[in-house]
Amino acid sequence: ITVMNLSGRTVRTLGGDQLVTAGVNQTTWDLRSTSGTAVPAGRYLVRIQAVTEDGQQASCLIPANVVR
């Protein structure tokens, strides 16, 4: 899971290369950047990528608003 600003720069990566089982999974973003500083209010893009055991890939891009 990658959180990006609207310029496409990665703000934070969540979960790293952690493998999870198929189904419903959950992670929480603490609204901080990779350096640990709080991100400013604004719009961000969250990219979720997945790869199946047989190599099929899927991804989605979800807009997220941070309000402070």
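# Exercises on a four-stranded open sheet

Four strands make up an open sheet, ordered E2-E1-E3-E4, with antiparallel pairing. The model is predicted, with local features requiring pLDDT of at least 70 and side-chain atom pairs counted only at pLDDT 80 or more, while totals for chains, interfaces and linings use all residues. Residues are numbered from 1 along each chain as its sequence is written, and side-chain values use heavy atoms, with hydrogens and water left out.

**Exercise 1. Describe the sheet and its edges.**

Step 1. Start with the element count: the chain has zero helices and four strands. Helices (H or I, at least four residues) and strands (E, at least two) are DSSP runs, numbered from the N terminus. Along the sequence the pattern reads β-β-β-β.

Step 2. Find the edges in the order E2-E1-E3-E4. Strand E2 (10-13) and strand E4 (57-66) each have a single partner strand, so one side of each is left without a neighbour in the sheet. Pairing of two strands requires that DSSP finds at least two bridges between them.

Step 3. Add the twist. On average, neighbouring strands of this sheet are turned by 25 degrees against each other, direction ignored. Axes here are lines fitted to C-alpha atoms, for helices over the stretch in contact, and angles run from 0 to 180 degrees between N-to-C directions.

**Exercise 2. Trace the bridges that E3 makes to E4 and to E1.**

Step 1. Take E3 and E4. Strand E3 (residues 42-51) is joined to E4 by 10 bridges, and the two run antiparallel. Among the pairs, Tyr-44 has Ala-64 in E4 as its bridge partner, Leu-45 stands opposite Pro-63, and Val-51 is matched with Gln-57.

Step 2. Look at the turn. The hairpin of E3 and E4 has five residues between the strands, and Gly-55 there takes a positive phi near 95 degrees.

Step 3. Turn to E1. Three bridges join E1 to E3, again antiparallel. Val-3 has Val-46 in E3 as its bridge partner.

Step 4. Return to Tyr-44. Tyr-44 counts as buried because its relative accessibility is 6%; buried means under 20% relative accessible area, exposed over 50%, and partly exposed in between (1.4 Å probe, protein chains only). The C-alpha atoms of Tyr-44 and Leu-6 are separated by 5.9 Å, although the residues are 38 apart along the chain.

**Exercise 3. Locate the salt bridge and state what it connects.**

Step 1. Apply the rule: a side-chain nitrogen of Lys or Arg within 4 Å of a carboxyl oxygen of Asp or Glu. The count comes to one salt bridge.

Step 2. Name the pair. The side chains of Arg-12 and Asp-30 meet at 2.7 Å, N to O. Arg-12 lies in strand E2 and Asp-30 in the loop between E2 and E3, so the pair ties together parts that are 18 residues apart in sequence.

Step 3. Check exposure. Arg-12 is partly exposed at 21% relative accessible area, and Asp-30 is partly exposed at 43%.

**Exercise 4. Characterise two loop residues, Asn-5 and Leu-31.**

Step 1. Asn-5 sits in the loop between E1 and E2. With a relative accessible area of 18%, Asn-5 is buried.

Step 2. The side chain of Asn-5 reaches the backbone nitrogen of Ser-7 at 3.0 Å. A polar contact is a pair of N or O atoms within 3.5 Å; within protein, one must be able to donate a hydrogen and the other to accept it, and residues adjacent in sequence count only if both atoms are side-chain atoms.

Step 3. Leu-31 belongs to the loop between E2 and E3. Its phi is positive, about 65 degrees, although Leu-31 is not a glycine. At 28% relative accessibility, Leu-31 is partly exposed.

**Exercise 5. Identify a nonpolar surface patch and give its area.**

Step 1. Fix the criteria. Patches are made of residues with over 30% relative accessible area and no salt bridge; like charges are joined within 9 Å, and nonpolar side chains (Val, Leu, Ile, Met, Phe, Trp, Tyr) within 5 Å.

Step 2. Ile-1, Ile-48 and Ile-62 form such a patch, with about 210 Å² of accessible area together. Areas come from the Shrake-Rupley method with a 1.4 Å probe; for residues, only the protein chains shown count as cover.

Step 3. Place Ile-1: this residue is in the segment before strand E1 (2-4). Ile-1 is partly exposed, at 33% relative accessibility.
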